[in-house]
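Got your viewer open? Let's take a walk through this one together, one selection at a time.

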Amino acid sequence: MADKPRIQRTQTPRKAVSAFPVALDKLIHERVRLGIVSALAATDALAFNDLKALLSLTDGNLSVHARKLEDAGYVACHKSFDGRTPKTEYSLTEAGRAALETYLGQMEQIIGLARGHE
Amino acid sequence: MPVDRPPLHRDVPAVAPEQRAAQHLAFIRETMAQSATFTAVPGWGVVAMGVIGLLGMGYDLTTPHFSTLAWLLTAVTAASVGGVALYRKAMQLGVPLASGAGRKYVLGLLPALLAGACLTWAVGRLPEPAYATATVNLLPGLWLLLYGVAMVTAGMFSVPVIPAVGTGFMALAVVAFLVPPFGQVLLLGVGFGGLHLFLGFYIVRRYGG
């Protein structure tokens, strides 16, 4: 085994462009969750159906992503009844707003860094 | 041999991080603009419009020329006060009127208000006695109806109380078409005075002046 010639791989330098140069919050970096957080940041609260229509998601997809944000404390879920119809509303928590602001700052920082290198 | 991974597209150029960051920012901005409600409706400005509307009740519709001009003056004054208050609150809150929910709100108001202005102008061109008849029997209900439509349309992009009050204006319009001229003047006062005062104080209490 030891005398087996090693395969000489040509090292193609991994381009830094494929990844962001700063550590991002993966929870809101994902596009659907970023959409949820962004939508909630612009309003007091949004009903499940409004959020689903706004982001063109399926029930299951929205539920899964909203649950992840809820578990992280970024989003609060309020369940109530409108007559006999169950109503679910989401709102952004302070932690969620802070996370979005941090994320926005990081995006601007990345753009700023690139401009600095030009 | 089964293919267990997607093919590599080495010919597709990688996107630079700053471009991706710009795309993410654009996505956030668009999503926020789509979900935003216009919250810069000025509570105290609407209260002032209500007071002006109540003063309009003093005009006597049995003298059509005078009363129509007086109500038009009232409408222009109230709209100016409301417009300035709206602009000032939007500036205070940093809400742009030319984009996003602010733009939708303003554009939602305009069509029905312009329709009202056109129809009032058309009534004003009628010869006597059709002019007097249309003024006392039609204009109050028409104004209430189209103003209500404007509020319902614009209110789709704002807080829920605005379309609700707009529906109230529309209901008053239906009643106005059924009652004699004196009752119509009262309904103008109830709508442009009372409903505006209710809306203004509600906004002040719930969303700030």
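Start by showing chain A alone and turning on its contacts: among those between residues at least 6 apart in sequence, 58% join residues at least 24 apart. Keep in mind as you click around that this is a predicted model.

Next, colour chain A by secondary structure. You should find five helices and three strands. Trace the chain along its sequence and the order reads α-α-β-α-α-β-β-α.

Now select the strands. Pick β2 (residues 75–82) of chain A together with β3(A): these two pair in the antiparallel sense over eight bridges. One of the partnerships to click on is A:D82 with A:T85, which sits in β3(A). What is there between the two strands of this hairpin? Two residues separate β2(A) from β3(A), and A:G83 takes a positive phi near 70°.

Keep β3 (residues 85–92) of chain A selected and add β1 (residues 46–47) of chain A. This pair also runs antiparallel, joined by two bridges. Click A:L46 and look across to β3(A), where its bridge partner is A:Y90. Remember A:Y90, as we'll meet that residue again.

Time to see how much of chain A is tucked away. Of its 118 residues, 23% are buried.

Bring chain B back and look at where the two chains touch. How many residues does each chain bring to the contact? Chain A gives 19 residues and chain B gives 17 residues. On the chain A side, select α2 (31–41) and α5 (94–117), since you'll find at least two residues of the touching side in each. Colour that side of chain A by class and you get 14 nonpolar, four polar and one charged residues.

Now for the cores. In soluble globular proteins, nonpolar side chains tend to be buried together. The largest nonpolar core here has 44 residues, and B:L144, B:A150, B:M151 and B:F169 touch the most other members. Helices of chain B that each supply at least two residues of this core include α2 (43–55), α3 (64–93) and α6 (139–155). Which helix gives the largest share? That's α6(B), with 11 residues.

Zoom in on B:A150. Leaving out residues up to four places away in sequence, B:A150 touches B:L109, B:A112 and B:L113.

Last stop: apart from the largest core lies another core, of 25 residues. Select A:L34, A:V37, A:A39 and A:Y90, which are among its members. There's A:Y90 again, the bridge partner of A:L46.

Notes
Residues numbered from 1 in each chain as written. Chains lettered and ligands numbered in written order. Predicted model: local features only at pLDDT ≥ 70, side-chain atom pairs only at ≥ 80, totals over all residues. Contact = placed C-beta atoms within 7 Å. Helix = DSSP H or I, 4+ residues; strand = E, 2+ residues; numbered from the N terminus. Nonpolar A, V, L, I, M, F, W, Y, C, P; charged D, E, K, R; others polar. Buried ≥ 20, exposed ≤ 12 C-beta atoms within 10 Å, placed from the backbone. Pairing = 2+ DSSP bridges. Core = buried A, V, L, I, M, F, W, Y, C linked by C-beta atoms within 7 Å.
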